[in-house]
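Biologist: I've got a model open and I'd like to pick through it with you, one question at a time. Can you put it up on the screen?

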Amino acid sequence: MDVECSESCDFSESTEVHEDIPPDPSLATYLTVNAETENDSEPVQHGINHVEGGWPKTISPDDNEATTRYKKKVQKDVCYQHTVMEIASVSEHNVMQSKHDIYFKNYKPKRMVKGKPSARTITVFRDPNKEKRAATSLSWNPIENHRVAVAYCYLEQRAPKNMSFNSYIWNTENNMKPEMTLKPASPLLCLEYNPTDFHILVGGSYNGDISYWDTRSGSQPVQKSAAVHSHRDPVYKVIWWPSRICTEVFSASTDGQVQLWDIRKMSEPTKQLVLDPTKKGNRDSALGAVSMEFENTMAKFMVGTEQGVVVSCSRKLETPNDPIVCTYRGHRGPIYALQRNPFFPKNFLTVADWTARIWSEDITESSIMSTKNHMTYLLDACWSPVRPAVFFTVKMDGTLDVWDILFKRKNPTLSLKVCDEALYSIRVQNEGCLVCCGSQLGTVKLLKMPPSLFAMKNNEKALVSEIFDLETRKAKSLESQYRERHQMKLSCSKEDEGEKEDLEELLACTEMEFSESVEAEKKKIG
């Protein structure tokens, strides 16, 4: 009976064999294939046994030693491995598809419960060095989406001898070895592709240097900053300033400075800002920068600090008093990730301590949304580039969480145990379906997300806009109530102080009158 199923089939394991049809070698005479070898210019037709498959003319299927050598040679070929991965992907899709045109006798479709979304690992890149280092930063090529740059750095205080400083550019189609090696003078903590010229990258080093590469020029940096003008502490973030020629880049360091560089002249920064909240430019009281965000349509850039404070700054950096606009407080530890929503730039995401928070630029006292407190530290996060409601976080226990605020606020929509060590970095491809996660041991896993997490929902932008507006209004209301109560407490304390002063004055006058009366009585007696 021909049955067209609209739902998935319910398969189960069974040892029962209904029918077994062995191959018939005699039928090979009816099968013909066209075989062309390097020595033969003309195609040759001959029979083939489908049990054996096709062999080159120089290999006899009956020679076990020759066939074994040939198999090992083919299996070591990168193209063979890539082809197997492609076939496995297609096969998995066909097995997991929800509609089948099949022949089953007495088949009765069962109603299937829609399961949770899941992701699968596409490939894994491993640090090729013996001493493993953390994959501290990831950057996708803006044009060639099959390339990803990975910065590697040993984060412990005492690095082993002969520790490699190299970082790499990987091709997603070949995980056996890096496509290109970048050789900085000091290990890279951050690395970013130029958004307009995909041959150029800029990186920030552990020793405070800023370097840039042109992949057409080789592995060595084209230019790097002079030591006297470089940062004094490690550079944790670099961001390109989008423009027509796109040659300027911001750098942020825990030395409390944000510097603006032009890669055409790297001898010294063109501008710099000291993150002193008192606006006096004092480096001793400056906040250490560990993350940064810049959006070209906004007039400000934002810096996440070691002290858990987000500093909003004017991008002009003209005078020490003008740049720092305001601060946002709410976290209890270093802000490892800071990013504006690509669809709603006034709302931004931060990750620090045990939570991820969503903020509105209009509210400085508190965030408008927050995840639950996790058992382990969150170390990085980013928004989906294709869905305004989705963002990703990674944690110290090796877990990747995917959040969809349209469905859940306090718990992730998808949670994956990627590895046993800490995950330090995450970056989503521009199309939103591929996600890279970098670990403490230098392992970078490429994951493919399910369509439900990268396909835009109906009216999603409007719904997310309503959510952000509603939460912003709530936060404003709470902020105004807090300020009113604070003002009432201040006024009450002032009144109490005034009453206390009046009482003290009254007591002093009473004591003076009493002492005067006592002195008068003494004079009369005397």
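Biologist: Which side chain of a tryptophan makes a polar contact with the side chain of Thr-350?

Modeller: Keep in mind that this is a predicted model. The side chain of Thr-350 has a polar contact at 2.8 Å, inside the 3.5 Å cut-off. The partner is the side chain of Trp-359.

Biologist: And which histidine side chain makes a polar contact with Thr-350?

Modeller: Thr-350 touches a whole group of residues away from its own stretch of sequence, including Val-310, Ile-335, Leu-338 and Arg-357. A histidine is in that list too, and its side chain makes a polar contact with the side chain of Thr-350 at 2.8 Å. That residue is His-331.

Biologist: Is Thr-350 buried or exposed?

Modeller: The cut-off for buried is under 20% relative accessible area. Thr-350 has 0% relative accessibility, so it counts as buried.

Biologist: Which strand holds Thr-350, and how many bridges pair that strand with strand 24?

Modeller: Thr-350 sits in strand 23, which covers residues 347–352. Strand 24 spans residues 355–360 and pairs with strand 23 in the antiparallel sense. Within that pairing, Phe-348 stands opposite Trp-359. So the strand is 23, and the number of bridges is six.

Biologist: Which strands stand at the edges of that sheet?

Modeller: The sheet is open, has four strands with antiparallel pairing, and runs in the order 22-23-24-25. Each edge strand has a single partner, so one side of each is left without a neighbour in the sheet. Those edge strands are strand 22 (335–340) and strand 25 (369–370).

Biologist: Moving to another hairpin, how many residues lie between strand 14 and strand 15?

Modeller: Strand 14 (residues 235–241) runs antiparallel to strand 15, joined by six bridges. One bridge pairs Val-235 with Ser-253 of strand 15. The two strands form a hairpin, and the count of residues between them is six.

Biologist: Which residue in that turn has a positive phi?

Modeller: In general, most residues other than glycine have a negative phi. The residue here isn't glycine, yet its phi is near 50 degrees. It lies in the loop between strand 14 and strand 15, and it counts as buried because its relative accessibility is 1%. The residue is Cys-246.

Biologist: What about the hairpin of strand 15 and strand 16: which residue takes a positive phi there?

Modeller: Strand 15 (residues 248–253) is mostly covered, with five of its six residues buried. Five bridges join strand 15 to strand 16 (residues 257–262), again antiparallel, and Ala-252 stands opposite Val-258. The hairpin has three residues between the strands, and the one with phi near 85 degrees is Gly-256.

Biologist: Is Asn-459 buried or exposed?

Modeller: Asn-459 also has a positive phi, near 60 degrees. Asn-459 lies in the loop between strand 32 (444–448) and helix 3 (460–525). With a relative accessible area of 61%, over the 50% cut-off, Asn-459 is exposed.

Biologist: How many disulfides does the structure hold?

Modeller: Take Cys-153: its closest cysteine sulfur, in Cys-190, is 9.9 Å away, which is too far for a bond. Both residues are buried, Cys-153 at 0% relative accessibility and Cys-190 at 3%. The disulfide count for the structure is zero.

Biologist: What does helix 1 span from its first C-alpha to its last?

Modeller: Helix 1 (residues 64–75) has 12 residues. At its start, a side-chain oxygen of Asp-63 reaches to within 3.3 Å of the backbone nitrogen of Glu-65. At 1.5 Å a residue the expected length is 16 Å, and the model comes close to that, at 16 Å.

Biologist: Last one: how many helices and strands are there in the protein?

Modeller: Of the 526 residues, 41% are buried. The protein exposes about 30,900 Å², with carbon and sulfur atoms supplying 51% of it. Among contacts between residues at least 6 apart in sequence, 50% join residues at least 24 apart. The tally is three helices and 32 strands.

How values were computed
Residues are numbered from 1 along each chain as its sequence is written. This is a predicted model: local features need pLDDT of at least 70, side-chain atom pairs count only at pLDDT 80 or more; totals for chains, interfaces and linings use all residues. Side-chain values use heavy atoms; hydrogens and water are left out. Buried means under 20% relative accessible area, exposed over 50%, partly exposed in between (1.4 Å probe, protein chains only). A polar contact is a pair of N or O atoms within 3.5 Å; within protein, one must be able to donate a hydrogen and the other to accept it, and residues adjacent in sequence count only if both atoms are side-chain atoms. Contact means heavy atoms within 4.5 Å. Two strands pair if DSSP finds at least two bridges between them. The expected span of a helix is 1.5 Å times one less than its number of residues. A disulfide is a pair of cysteine sulfur atoms within 2.5 Å. Accessible areas come from the Shrake-Rupley method with a 1.4 Å probe; for residues, only the protein chains shown count as cover. Lists of a residue's contacts leave out its neighbours within four places in sequence.
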